[in-house]
Amino acid sequence: MEICVNRDEGEARVWVLDYWTLRRTQRSTAQRKGRAAQKRQRRTGEQRRRKREGIGAETTSFLGFGKPMAYLQNGNFEEKPDPKNLQKTKLIGKYSLPKWEINGLVEYVTGGPQPGGMFFPVAHGIHAVRLGNDASISQTIKVKPGQLYALILGASRTCAQDEVLRISVPPQSGDVPLQTLYSLNGDVIAWGFRATSNVAKVTFHNPGVQEDPSCGPLLDAIAIREFYPPAPTRGNLVKNSGFEEGPFPIFNSTNGVLLPPKQEDFMSPLPGWIIESLKAVKFIDSWHFNVPSGHGAVELVAGRESAIAQILRTIPNKVYNLTFTIGDAKNGCHGSMMIEAFAAKDTLKVPYKSVGKGGYKTASFRFKAIAPRTRITFYSSFYHTRIDDFGSLCGPVLDQVVVFPVA
Ligand SMILES: [Ca+2]
């Protein structure tokens with residue numbers, strides 16, 4: 001049973017929509033039947049495409065459909081350095097790490113418990129690099145000018161302090177805060193950039209200076225994904241409205257992919273969307289989570305500090321209808337949830353009771369545009385943690401954002 005909430009001129013009306021339940025049942029049956037065949041087709045299509053375009057590197061994943069993803073060369077750091085370039089874990093020499101250029105104190109480490117009681121989470125393969133004080137690693141990659149990309153990386157902090165990873169692809173650069181608010185075994189993070197020429201020098205840098213010079217971010221695996229430019233459609237002013245173009249992880253990321261705060265829409269790792277909050281928003285995929293529709297959605301994991309927005313072209317004084325889906329990711333995130341939606345001067349609060357087992361409902365309201373540009377914003381009213389892990393932040397899932405003018 002699904003409930004639809006419509007707020008029209010200040011009045012809230014609620015009614016039951018069995019249609020969505022029916023549609024979901026029909027869809028899941030069809031999905032089961034068609035999935036295997038689709039997967040086979042997609043794979044061969046993607047393989048042909050990859051051969052033709054040859055993005056990046058030695059390994060490509062077809063997990064998230066659409067564009068290919070590839071590791072950067074030696075992106076999982078499993079190609080070992082020559083032992084003569086290693087002093088215990090310390091890499092000696094600018095070109096000592098295969099396929100990379102390094103600067104400063106960079107360690108080549110093996111995941112797991114470390115001497116001194118530390119634990120290095122390495123989810124992919126067994127090796128990783130650790131960037132000490134002011135250290136960096138770089139690689140030059142082939143890209144297409146004007147094209148939007150996301151770097152997808154497994155990264156975590158290694159010391160007690162909050163650590164920052166500075167990612168740069170000139171002329172763009174950004175600082176990604178590494179915290180352990182989201183999961184205990186390392187996070188996967190996506191960072192977007194737009195290519196300005198046919199090669200790009202990608203640099204991962206630890207700008208921090210700690211008392212222990214080896215303290216700093218641990219990089220486990222680094223991949224890249226190329227995006228199709230999102231566009232509004234005839235029936236919907238929202239670009240990438242169902243979050244189907246996004247940083248689908250190349251890694252088996254059961255924790256989803258964090259979209260760092262303060263990402264502008266022109267280079268967002270979630271094409272079309274602005275991450276305008278102080279904390280990250282999480283991108284989730286249907287292989288590991290319950291996603292209301294299609295393969296991608298976002299989980300608003302940090303209450304009011306975790307907001308996502310988009311700017312739409314509108315006609316002043318025209319009335320528009322905004323519809324969206326709220327649900328839970330079937331990840332043990334439970335409680336009374338609420339998404340607040342904002343458009344022009346209008347807002348809607350949509351409650352959703354989660355038992356953490358997956359479900360969703362659709363809500364809509366009308367707003368009147370007051371300018372040629374209207375910002376729509378969504379955030380979670382409350383903070384939530386997983387029932388099985390109170391250290392992991394979680395929250396309501398947002399999907400299928402649709403805006404169209406009311407006739
Ligand atoms: Ca979706």
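Me: Over how many bridges do strand 13 and strand 18 pair?
Reply: This is a predicted model: local features need pLDDT of at least 70, side-chain atom pairs count only at pLDDT 80 or more, and totals for chains, interfaces and linings use all residues. Residues are numbered from 1 along each chain as its sequence is written. Two strands pair if DSSP finds at least two bridges between them. Strand 13 and strand 18 (residues 218-226) pair in the antiparallel sense, and the count is 8 bridges.

Me: Which residue in strand 18 does L151 stand opposite?
Reply: Strands of a sheet pair through backbone hydrogen bonds, either parallel or antiparallel. Strand 13 and strand 18 take the antiparallel sense. In strand 18, the residue opposite L151 is I224.

Me: Which residue in strand 16 does Y149 stand opposite?
Reply: Strand 13 also pairs with strand 16 (residues 187-194), in the antiparallel sense over 8 bridges. Within strand 16, the residue opposite Y149 is F193.

Me: Why is strand 13 described as largely enclosed by the rest of the structure?
Reply: A residue is buried if 20 or more other C-beta atoms, placed from the backbone, lie within 10 Å of its own; it is exposed if 12 or fewer do, and partly exposed in between. Both faces of strand 13 are covered, with L148, A150, I152, G154 and S156 buried on one side and Y149, L151, L153 and A155 on the other. Strand 13 is largely enclosed because its buried residues number 9 of the 9.

Me: Which strand gives the most to the largest nonpolar core?
Reply: A nonpolar core is a set of buried Ala, Val, Leu, Ile, Met, Phe, Trp, Tyr and Cys residues joined through C-beta atoms within 7 Å. The largest one has 98 residues, and L151 and V298 have the most contacts inside it. Giving 7 residues, the top contributor is strand 13 (residues 148-156).

Me: From which domains does this core draw at least three residues each?
Reply: Domain bounds come from an automatic or database domain assignment. The core draws at least three residues from each of domain 1 (3-33 + 230-405) and domain 2 (71-226).

Me: Which residues is L151 in contact with, leaving aside neighbours within four places in sequence?
Reply: Two residues are in contact if their C-beta atoms, placed from the backbone, lie within 7 Å. With those neighbours set aside, the partners of L151 are I167, A190, W191, V202, I222 and I224.

Me: Which strands stand at the edges of the sheet ordered 7-12-17-14-15?
Reply: This open sheet has 5 strands with antiparallel pairing. Each edge strand has a single partner, so one side is left without a neighbour in the sheet. The edges are strand 7 and strand 15 (172-178).

Me: In strand 17, what is the bridge partner of S168?
Reply: Strand 14 (residues 163-169) and strand 17 (residues 199-205) pair in the antiparallel sense over 3 bridges. The bridge partner of S168 is T203.

Me: Which are the edge strands in the sheet ordered 20-23-28-25-26?
Reply: That open sheet is made of 5 strands, and the pairing is antiparallel. An edge strand here pairs on one side only. The edge strands are strand 20 (274-275) and strand 26 (346-354).

Me: Which residue in strand 28 does A309 stand opposite?
Reply: Strand 23 (residues 308-313) and strand 28 (residues 373-380) pair in the antiparallel sense over 6 bridges. The residue in strand 28 opposite A309 is T377.

Me: Which residue in strand 27 does T325 stand opposite?
Reply: Strand 27 (residues 359-368) is mostly covered, with 7 of its 10 residues buried. Strand 24 (residues 319-328) and strand 27 pair in the antiparallel sense over 10 bridges. Opposite T325 stands T362.

Me: Does P121 count as buried or partly exposed?
Reply: P121 lies in the loop between strand 10 (119-120) and strand 11 (127-131). Its C-alpha is 8.1 Å from that of D220, 99 residues apart in sequence. With 19 C-beta neighbours inside 10 Å, P121 counts as partly exposed.

Me: How many strands does the protein have?
Reply: Helices (H or I, at least four residues) and strands (E, at least two) are DSSP runs, numbered from the N terminus. Beside 1 helix, the protein has 31 strands.

Me: In which strand is confidence highest?
Reply: pLDDT is the predictor's confidence in each residue, from 0 to 100. The protein's mean is 82, and 80% of its residues reach 70 or more. pLDDT stays under 50 over residues 1-33 and over residues 43-67. Confidence is lowest in strand 2 (residues 11-16), at a mean of 28, and highest, at 98, in strand 7 (residues 101-103).
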